[in-house]
Amino acid sequence: MDKFYITTPIYYVNAEPHIGTAYTTIAADVLARFYRFGGVQTFFLTGTDEHGSKIERAAMAAGKEPEEFTREMAAKFSFTWDTLAIAPDDFIRTTEERHKTAVAKFLKALKASGKVYEGEYEGLYCVGHEAFLTEKDLDEQGNCPDHKTAPEKLKEKNWFFKLSDYEALLKEKIETGELLIAPASRRNEILSFINQGLDDVAISRPNVKWGIKLPWDESQTAYVWIEALFNYASVLDYPDGEKFKQFWPPDLHVMGKDILRFHAVIWPALLEAVKMPWPKKIFGHGFFTIDGQKISKSLGNVIDPFALAQKYGTDTVRYFLLREIPFGQDGDFSIKKLEARYDGDLANGLGNLFSRLTTLVAQNLNGEIGEIKPSPRSLEDIDKLVQDLRFHEALTRIWEEIAWANKYIDETKPWEKAKTEMKLFREVIDNLVGLLYEIAQKLAPFMPDTAEKIRSGLSTEKIVKAEPLFPRLEKIT
Ligand code: ME8
């Protein structure tokens, strides 16, 4: 692989960052770090989705102009990602000039493709989703099942994109794997959705002011989804920027299953219309609940990832989210589970290993071990698991090695050998240092700070008994 372009969704700024959006962004950061460490030219993008009625209304409710409101909210996202050690190569806001300019060029190309026509839409719109709904999407009360609000009845003139022309092509490319959709269950869902027949989609809205005007009809703004999807290209300076030449097409779009259809159906068709190469892979991960309940403002169970990282540590949050919930499946988040993993896996597992090993070296070898020897155990299979986005399995494998190392210490009792059999003692220590050093390398994309502490702790001239990596919880809570 000569380059790796990875994206997260760009998040709506009507809500603050929460652990749901943090989850996707951490996962993408892990992959970006993994490929960067591997020497692959990597571009990792995240950002914020700032146009449309939903944002305009949120700004009004906050008593602010949309410009000011979106600027403040985007800054919160950026700050939160920073505290979670998420290091994107760029952060795009859809209200930036570079995005607006690129979108205008794209819309012109789309119009020129002959796949755009003027029509009338009569139906339902959910502002929460920023999407058109049909009767069969609604619950028994006639509400949007996710937002529990009645959709707005619209009758308006829109410009449409002939999505229906792309059914056969989409099916073919998904079936042959030219467009990979993962996990397999999601791929099947998308295929059966396409098999039911695709309707054309509106690409503009006449009554939404907070948006990007259509170049050929200034009475309309681009439908927020159509414009938002294009962020992935505008950040690279579409159509002829250096970054565009180097990184297009995206190698991987990571997102929650809720927005897979936009990415796996509408997005490739739009790209086809303007003759741009398609993304290679789209991954729709699962959703998680908190203590069994949907994350929602009204339930008051929204967890602020910043506060969580402050209390338990950035690496703990990163580890927990990716270890607890198999990537691709739905799951549940709870503080109780997080604390159990902190005590078990982190403090007693990894933290204890590092502390025992550095103590042994400090006490018996005066802190000096010389060159670090290669690990006696092979950890190569872990890379493949990361490449396949099987993060919880990769972490499980790493913790098997940690458990092995702790058991090896228990069984070989190196502190006894240090008194009588120095050669054997050295062998045990070399094995442990080699293994732990490699464990730290495998952990680096997931837990950058912890990995760095371990690597630098083991590679100094004089190893000292380490400070606890994960202090006892009663001390920090
Ligand atoms: O959809 N569990 O933005 P959004 C797991 N602006 N992931 C979750 C989650 C949960 N409970 N809740 C949210 C939008 N997510 C559009 C995207 S892209 C061109 C435009 C994550 O702020 C998950 O990644 O509603 C989901 O897809 C995303 O947040 C939705 O973010």
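Setting aside its neighbours within four places in sequence, V13 is in contact with T48, D49, E50, I55, F69, T70, M73, A74 and F77. The model in which these contacts occur is a predicted one. V13 itself belongs to the loop between β1 and α1. Because its relative accessible area is 0%, and buried means under 20%, V13 counts as buried. A further relation in space concerns R71: the C-alpha atoms of V13 and R71 are 9.2 Å apart, although 58 residues separate the two in sequence.

One of the contacts of V13 is F69, and this residue offers a second view of the region. F69 lies in helix α3. With a relative accessibility of 7%, F69 is also classed as buried. When residues up to four places away in sequence are not counted, F69 touches V13, N14, I55, A58, A59, A62 and K64. By contrast with these contacts, D217 is 27 Å from F69, C-alpha to C-alpha, at a sequence separation of 148 residues.

Several of the residues touched by F69, including I55, A58 and A59, lead to helix α2. This helix comprises residues 53–61, and its buried residues are S53, K54, I55, A58 and A59. The buried residues of α2 pack against four elements, namely β1, β2 (41–49), α3 (66–83) and β9. Just after α2, the backbone of G63 adopts a positive phi of about 70°.

From β2, one of the elements against which α2 packs, the path continues to strand β3. The strands β2 and β3 are paired in the parallel sense over 4 bridges. Within this pairing, G47 has I92 of β3 as its bridge partner. Strand β3 spans residues 90–93 and is covered on both faces: D90 and I92 are buried on one side, and F91 and R93 are buried on the other.

Strand β9, which also receives the buried residues of α2, belongs to a separate description. An open sheet of 3 strands is arranged in the order β9-β11-β10, and its pairing is antiparallel. Its edge strands are β9 (204–205) and β10 (213–214), each of which pairs on one side only. Strand β9 is joined by 2 bridges to β11, residues 217–222, and the two run antiparallel. In these bridges, S204 stands opposite A222, while R205 has T221 as its partner in β11. On the other side of the order, β10 and β11 also pair in the antiparallel sense over 2 bridges. There, L214 has D217 of β11 as its bridge partner, and a hairpin joins β10 to β11 through 2 residues.

Within this sheet, S204 merits individual attention. S204 is located in strand β9. Its relative accessible area is 0%, and therefore S204 is buried. A polar atom of the S204 side chain lies 3.0 Å from the backbone nitrogen of W159. Leaving aside neighbours within four places in sequence, the contacts of S204 are N158, W159, L214, Q220, T221, A222 and Y223. Among them, A222 is the residue that faces S204 in β11.

The remaining subject is the ligand. Of the 25 residues around the ligand, those that come nearest are I10, T24, D49, G256 and D258. D49 is also among the contacts of V13, which connects the opening residue to a member of this shell. At least two residues of the shell are supplied by each of β1 (3–12), α1 (19–37), α7 (224–229), α8 (231–234) and β12 (252–256). By class, the shell consists of 14 nonpolar, 9 polar and 2 charged residues.

Backbone atoms of the protein also approach polar atoms of the ligand. A backbone N or O atom of G256 lies 3.0 Å from a ligand oxygen atom. A polar backbone atom of F288 is 3.1 Å from a nitrogen atom of the ligand, and a backbone N or O atom of G20 lies 3.4 Å from a ligand nitrogen atom. On its own, the ligand has 680 Å² of accessible area, of which the protein covers 91%.

Definitions and conventions
Residues numbered from 1 in each chain as written. Predicted model: local features only at pLDDT ≥ 70, side-chain atom pairs only at ≥ 80, totals over all residues. Heavy atoms only, no water. Near = heavy atom within 4 Å. Polar contact = N/O pair within 3.5 Å; in protein donor to acceptor, adjacent residues only side chain to side chain. Areas by Shrake-Rupley, 256 points an atom, 1.4 Å probe, with all protein chains shown as cover. Nonpolar A, V, L, I, M, F, W, Y, C, P; charged D, E, K, R; others polar. Pairing = 2+ DSSP bridges. Buried < 20%, exposed > 50% of the residue type's maximum accessible area, 1.4 Å probe, protein only. Contact = heavy atoms within 4.5 Å.
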